[in-house]
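Student: I would like a close look at a single part of this model, with its surroundings followed outward from there. Please take it slowly and keep the reasoning visible.

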Amino acid sequence: MDASARDPFSVGIGLRRPHFRELLHNERRVDFLELVPEVFLGVGGETRRVLHALRERYPMLVHGVSLSLGGPDPLTPRKLADLAALCRELDAPYYSDHVCLSSIDGIETFDLLPLPFTEAAALHVATRCRAARERMERPIALENITYYAKMPGSAWTEGQFLSAMLEASDAELLLDVSNVLANAQNHGLDPQSALDALPLARTRQIHLAGQRFDSELQLQVDDHASAVSEASLALYEHALRRIGRPVPTLIEWDQNLPSLDALLDLADLVRARQAAVFEAPLSSAATSTAGR
Amino acid sequence: MMEEYYAYVRRLLRDEEPRAGEARGASEIYRTLVRRQQRQVLLLMFGPLKQRLGSAGFEPWLDALREQSPPRDANPSRWALAAAHVLGTLPHVDGCTAAIATYLALRAETAIAEDPREGDPLAPGARLATFSCDPRRGHDAPTACGGGGPLVLAFYRDVDRRVRTEALSLPAVAAWGVLAGEVAPAELALRGVQRATLQRGEHQLRALGALPGAGPRSARGCDEPR
């Protein structure tokens, strides 16, 4: 079921409600779908039936937004059990979430708050990640997020922090290349150097997303509302060269959602860029059910 | 070590001024981002309620909800229940019913968007397919909860497979929520929805041809309010 095991140049898209029906009948190549589990937990009826039908056509990955591994609230067994059940239901080979705080004292922030780049924070996340992995009985990959400001107390670089955290947790890296680019732009860093400092050998999956300059905040904001920029794609190619192997890649597009065709055009482009890095021809497989 | 950071985040979420040594810019950035995200989620969930309350009523409600303890995940049903808690504190809205109605309205819009023709049952035993608010009908339209919450219309296929549109009472909405497995009876009971209310709702659904069978089904497991 692992997309990487089926095709070396694997590119997926996020499962978004407006595309449900089209995806059921889609004939174009989609290597995998990634869904946000919080949208589907406890949901039955027609939505569940569609989800199961899609699962028969596409490999599924589960990418959560609310585990809050950097937060203080206990990881509830019920939440972990629900996530694990969904992963089993969809045959997801691993579960991914973010290196962040997303709730505190039971208050959901609905934004991913960065953690201080400290040893204490790295160990805190690692401890909770190991506990979650044990409870969910599957590997966990953690995504580097955008940090628009360094949190108080930060003593390390992001690269040092993520390396220590992933080492201590033995988790994998979900490398969001666009986040690396935004962080570099917002903090005056060289994007390639910032990327090279991350623990790339642990990369399980890559995310690419659209971003925009927010005039109110005067920052490059990761809003997933447009096509992936050429700068992100160039950094993506650099990342692949550094990693040295093809990596399943997801295009994140959540707002101002384009047509499925436009999204799949972008997926084709990313797949071609990935293949070009390794100077290999693309697979001729063109059906959406390849590998199942 | 982490406690200092958590204290900082708590102050940030309470809109407190940053302390000495804390970057003012960071606080402002994340206050802005968190507010934006919360607002976006709430608008997504409760757009129909805004239509009903108008901005003057909706904005204070959003603020009030932000100050409460929203649920840990983005599950709409949990948001609806959290909203019920807050709405219940406002004098002009019947909190629980309004929130349930809004939640079901959200689901209805989604279901209609997914397939307006099929009208597939959402749960065994219920032929109701979808619910939706109809803000175009304004305040003169028949209201579903005594003039308090949003108008709820049901779009469904009846027992004879005819497509029907009916304005629903809130007992009917609550009963549908239980029958569809979308709202737990115990959660309703905790918020004061009585067994008799659900039974009344089921009677109404049968009268509208929305449920099969002659007699009302029991509202399973719904205790009297404590």
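**The barrel and the helices around it**

Tutor: The model is a predicted one, and the part to look at is the barrel of chain A, with the helices packed around it taken up in turn. The barrel is closed and has eight strands, in the order β1-β2-β3-β4-β7-β8-β9-β12, paired in parallel; from one strand to the next the twist averages 30 degrees.

Consider the pairing of β3(A) with β4(A), which run parallel and are joined by two bridges. A:Val62 has A:Tyr95 in β4(A) as its bridge partner. In a regular strand, side chains alternate between the two faces of the sheet. In β4(A), A:Tyr95 and A:Asp97 point one way while A:Ser96 and A:His98 point the other way, and all of them are buried. Helix α4(A), residues 77-90, lies across β4 (95-98) as well as β2 (33-35) and β3 (60-63), and runs at about 165 degrees to β3(A).

Elsewhere in the barrel, β9(A), residues 203-209, runs parallel to β12(A), residues 249-252, and four bridges join these two strands. A:Ala209 stands opposite A:Glu252 in β12(A). A:Ala209 is also among the residues touched by A:Ser178, together with A:His207, A:Leu208, A:Gln211 and A:Ser232, when residues up to four places away in sequence are not counted. A:Ser178 itself is found in helix α7 of chain A, and with a relative accessibility of 0% this serine counts as buried.

The strands β9 and β12 are also crossed by helix α10(A), residues 260-277, which lies across β1 (11-14) too and runs at about 150 degrees to β1(A). The 18 residues of α10(A) should span 26 Å at 1.5 Å a residue, and this agrees with its end C-alpha atoms, which are 26 Å apart. Among the buried residues of α10(A) are A:Leu260, A:Leu263, A:Leu264, A:Val270, A:Arg271, A:Arg273 and A:Val277. The cover over the buried residues of this helix includes β1, β9 and β12, and also α2 (20-25) and α9 (230-243). Following α10(A) is A:Glu279, with a positive phi near 50 degrees.

Helix α6(A), residues 158-169, can be read in a similar way: its twelve residues reach 16 Å from first C-alpha to last, close to the 16 Å expected at 1.5 Å a residue. Its buried residues are A:Glu158, A:Gly159, A:Phe161, A:Leu162, A:Met165, A:Leu166 and A:Ser169. Viewed down the axis of α6(A), these buried residues fall within an arc of 160 degrees, and so they line one face of the helix. What covers them includes the barrel strands β7 (140-143) and β8 (172-176), as well as the helices α5 (119-136) and α7 (177-187). After α6(A) comes A:Asp170, whose phi is positive, near 55 degrees.

One last point concerns the cysteines, since a search of the whole structure finds zero disulfides over all chains. For A:Cys87, which is in no disulfide, the nearest cysteine sulfur is that of A:Cys129, 13 Å away; at 0% relative accessibility, A:Cys87 counts as buried. A:Cys100 is likewise in no disulfide, and its nearest cysteine sulfur, again that of A:Cys129, is 12 Å away. A:Cys100, too, counts as buried at 0% relative accessibility.

Terms used. Residues are numbered from 1 along each chain as its sequence is written. Chains are lettered from A and ligands numbered from 1 in the order in which they are written. This is a predicted model: local features need pLDDT of at least 70, side-chain atom pairs count only at pLDDT 80 or more; totals for chains, interfaces and linings use all residues. Side-chain values use heavy atoms; hydrogens and water are left out. The expected span of a helix is 1.5 Å times one less than its number of residues. Buried means under 20% relative accessible area, exposed over 50%, partly exposed in between (1.4 Å probe, protein chains only). The arc is that of the directions from the helix axis to the C-beta atoms. Contact means heavy atoms within 4.5 Å. A disulfide is a pair of cysteine sulfur atoms within 2.5 Å. Two strands pair if DSSP finds at least two bridges between them. Axes are lines fitted to C-alpha atoms, for helices over the stretch in contact, and angles run from 0 to 180 degrees between N-to-C directions.
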